Amino acid sequence: MSPKPDSPNTSTTNDPLTLPEVEHAAKARLPSHIYEFYASGSDQQNALARNEKAFDRLFIRPRVLLDVSKIDTTTTILGHKTALPIGIAPSAMQRLAGGEGEMDIAAAAAKMKLNMTLSSQSTTSLEDVAATRKYMKPEAGGLAPPPFWMQIYLYEDVRKSVGLIRRAEAAGYQSLVLTVDTPVLGNRLAERRTAVVLPEGMSLPNLVDPSTATSAPKSRSQPSINRQLMNARTALEAEHLRLTAGNKMHSASLTWSTTIPFLRSVTKMKLILKGIMTPEDAKLAVQHGVDGIIVSNHGGRQLDATCSTIEALPEIVDAVGGAIPVILDGGVRSGADVFKALALGPILC
C-alpha cells in the first residue's frame, strides 16, 4: 500500500516544512551511496540514533502568564551576534548534494545572519565561500553576517596544514575549528561498501596550495587514503599503509602540550576544539587556553559506543564553569531540541 499523501514521513511539496521531510527528499533524489555518505553513522549506527533519541528523554516544563509578545532570538558568540542560537556545522563535499554546494549554504547562512563552519574538505575554495558574506549587507539597524569559521584536520606532519590555516586567516575567517576526535576515520560501513569519489569537474581546492598548484587534484576512483586505512585487514597492513601514505593521513599523535602551542604559533584566529565529549577534556581545553569547544561525537560517525552529545553536555558545562563558550552538535532536529540544549548551557547548537 502506498503511503498517504499527507504522511509526515513523505513530502509531496517542493517546500518541506521539517528536517525529516528534507531528509526524505534527499534520499529520494540522491544516489544511494551519496545519501548514505551524508546520513550514515559508524558500525551499527547506535550513536547516530542515540544523538536524536536522547532529546526525547528531556521534557520542557512551561511557565505561563509571561509576556512573550516580543522575543529576542539572537545570541553572541566570540564577540559577534547571530540571529539565532544555531549554526551550520562543517560537512565535506557539499556539491555532491547538488547545486553550488558550499556556496548555496554560505549564501543562506549569510542572508540569515548565522554562524557557519566550512569543511576543509569542501568542493569550493575557502576564498569563494568567504566572499559570499561581502554581498550580504546588513539591513538598516539589523545584524551583519557573522564571520565564518574554518574546520581543519591536522596531518602527521602538522606543518603541511600551515598554508591552509594562513589562507583561511587571510580570507577573513574568525576561528579555526580543529577536529580532535578523528585520529582515524570511524568504521562507516556504507562508505566502505561503496566508495565516495568526486565526479569529473569537482575537486577539493582547499587541500592544494594555490600558489604552487596549476590545478586542483582530480578525484581518483578509489577511497581517500584515510578511508583505505579502515579497509586494512591486519595491523601490519594498516602500518604499511600509514608508512606509504606520507603526510596525507590524519595525525594520530596530536597532544595537548604540542598541538595547541603549534596552532597558536601559526595563526591569530580563535581556536575551537570540535569533538569534546568528557568533562576531563573540557577542563584541559580551558587549561590550555582554547577559545571554545564543541561537544560532538562527529554525528555518530566515529565511536559507535559513545553516549549522545546531549547526554554528555551537562557535565561538560559544569566543568567549563563559564570560562569559554560551549557549543553542541548532533541530534538537533527542531526548535524544541535547540531549546532543550540551551537550557543545559551552550550558546550555539
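Which strand is the place of Thr75? Thr75 sits in strand β1, residues 75-77. Keep in mind that this is a predicted model. The tour below starts at Thr75, then takes in the sheet, strand β5 and helix α6, two single residues in loops, and finally the empty spaces.

**Thr75 in β1**

- Thr75 counts as buried because its relative accessibility is 16%, and the cut-off for buried is under 20%.
- Setting aside residues up to four places away in sequence, Thr75 touches His80, Lys81, Thr82, Leu84 and Pro85, plus Ile347 and Leu348.

**The sheet**

- Seven strands make up an open sheet, and the order runs β3-β4-β5-β6-β7-β8-β9 with parallel pairing.
- The edges belong to β3 and β9 (326-328); each has a single partner strand, so one side of each has no neighbour in the sheet.
- β4 (residues 115-118) and β5 run parallel and are joined by two bridges.
- Those bridges can be followed residue by residue: Thr117 has Trp149 of β5 as its bridge partner, while Leu118 has Met150 of β5.
- On to the next pairing: β5 and β6 (residues 175-179) are also parallel, with four bridges joining them.
- Trp149 turns up here as well, with Ser175 in β6 as its bridge partner.
- To get from β5 to β6, the chain passes through helix α6 (residues 162-171), and this β-α-β crossover is right-handed.

**Strand β5 and helix α6**

- What happens to the side chains along β5 (residues 149-152), and which way do they point? Trp149 and Gln151 point one way, Met150 and Ile152 point the other way, and all are buried.
- In α6, the buried residues are Val162, Leu164, Ile165, Arg167 and Ala168. Note that Arg167 is on that list, if you're setting up protonation states or charges.- The cover over those buried α6 residues includes α5, β5, β6 and α10.
- Just after α6 comes Gly172, which takes a positive phi of about 100°.

**Ser120, in a loop after β4**

- Ser120 has its place in the loop between β4 and α5 (126-131).
- Is Ser120 buried or exposed? Ser120 is buried, because its relative accessible area is 3% and the cut-off is under 20%.
- Leaving aside neighbours within four places in sequence, the contacts of Ser120 include Met150, Gln151 and Ile152, and these three are residues of β5.
- Ser120 is also in contact with Tyr153, Leu164, Asn206 and Leu207; of these, Leu164 is one of the buried residues of α6.

**Ala97, in another loop**

- Ala97 lies in the loop between β3 (87-88) and α4 (102-112).
- With a relative accessibility of 46%, Ala97 counts as partly exposed, because the value falls between the 20% and 50% cut-offs.
- Ala97 and Tyr35 are 62 residues apart in sequence, yet their C-alpha atoms are 8.1 Å apart in space.
- Not counting residues up to four places away in sequence, Ala97 touches Leu30 and Tyr38.

**The cavity**

- How many cavities of 30 Å³ or more does a search of the whole structure find? The search finds one.
- The largest cavity holds about 30 Å³ of space.
- Its lining is made of Glu36, Phe37, Ser40, Gly41, Arg188, Ala190, Glu191 and Arg301.
- Two helices, α2 (32-39) and α7 (189-193), each supply at least two residues of that lining.
- Sorted by class, the lining of the largest cavity has four charged, two polar and two nonpolar residues.

**The second largest pocket**

- The second largest pocket takes in about 500 Å³ of space.
- Its lining counts 28 residues, and Val180, Asp181, Thr182, Gly275 and Asp281 lie nearest the centre of the pocket.
- The elements giving two or more residues to this lining are β6, α10 (256-266) and β7 (270-276).
- As for chemistry, the lining of the second largest pocket splits into 13 nonpolar, 13 polar and two charged residues.
- β6 thus links two topics: β6 pairs with β5 in parallel, and β6 also gives residues to the lining of this pocket.

Terms used:
Residues are numbered from 1 along each chain as its sequence is written. This is a predicted model: local features need pLDDT of at least 70, side-chain atom pairs count only at pLDDT 80 or more; totals for chains, interfaces and linings use all residues. Side-chain values use heavy atoms; hydrogens and water are left out. Buried means under 20% relative accessible area, exposed over 50%, partly exposed in between (1.4 Å probe, protein chains only). Two strands pair if DSSP finds at least two bridges between them. A crossover is right-handed if, with the strands pointing away from the viewer, the path from the first strand over the helix to the second runs clockwise. Contact means heavy atoms within 4.5 Å. On a 1 Å grid over the protein atoms alone, a cavity is a set of points where a 1.4 Å probe fits but cannot get out, and a pocket is an open set with protein on both sides within 12 Å along at least five of seven lines; lining residues have an atom within 4 Å of a point. Grid points are joined across faces, edges and corners, and a volume is the space filled by probe spheres set on the points. Ala, Val, Leu, Ile, Met, Phe, Trp, Tyr, Cys and Pro count as nonpolar, Asp, Glu, Lys and Arg as charged, and the others, Gly among them, as polar.
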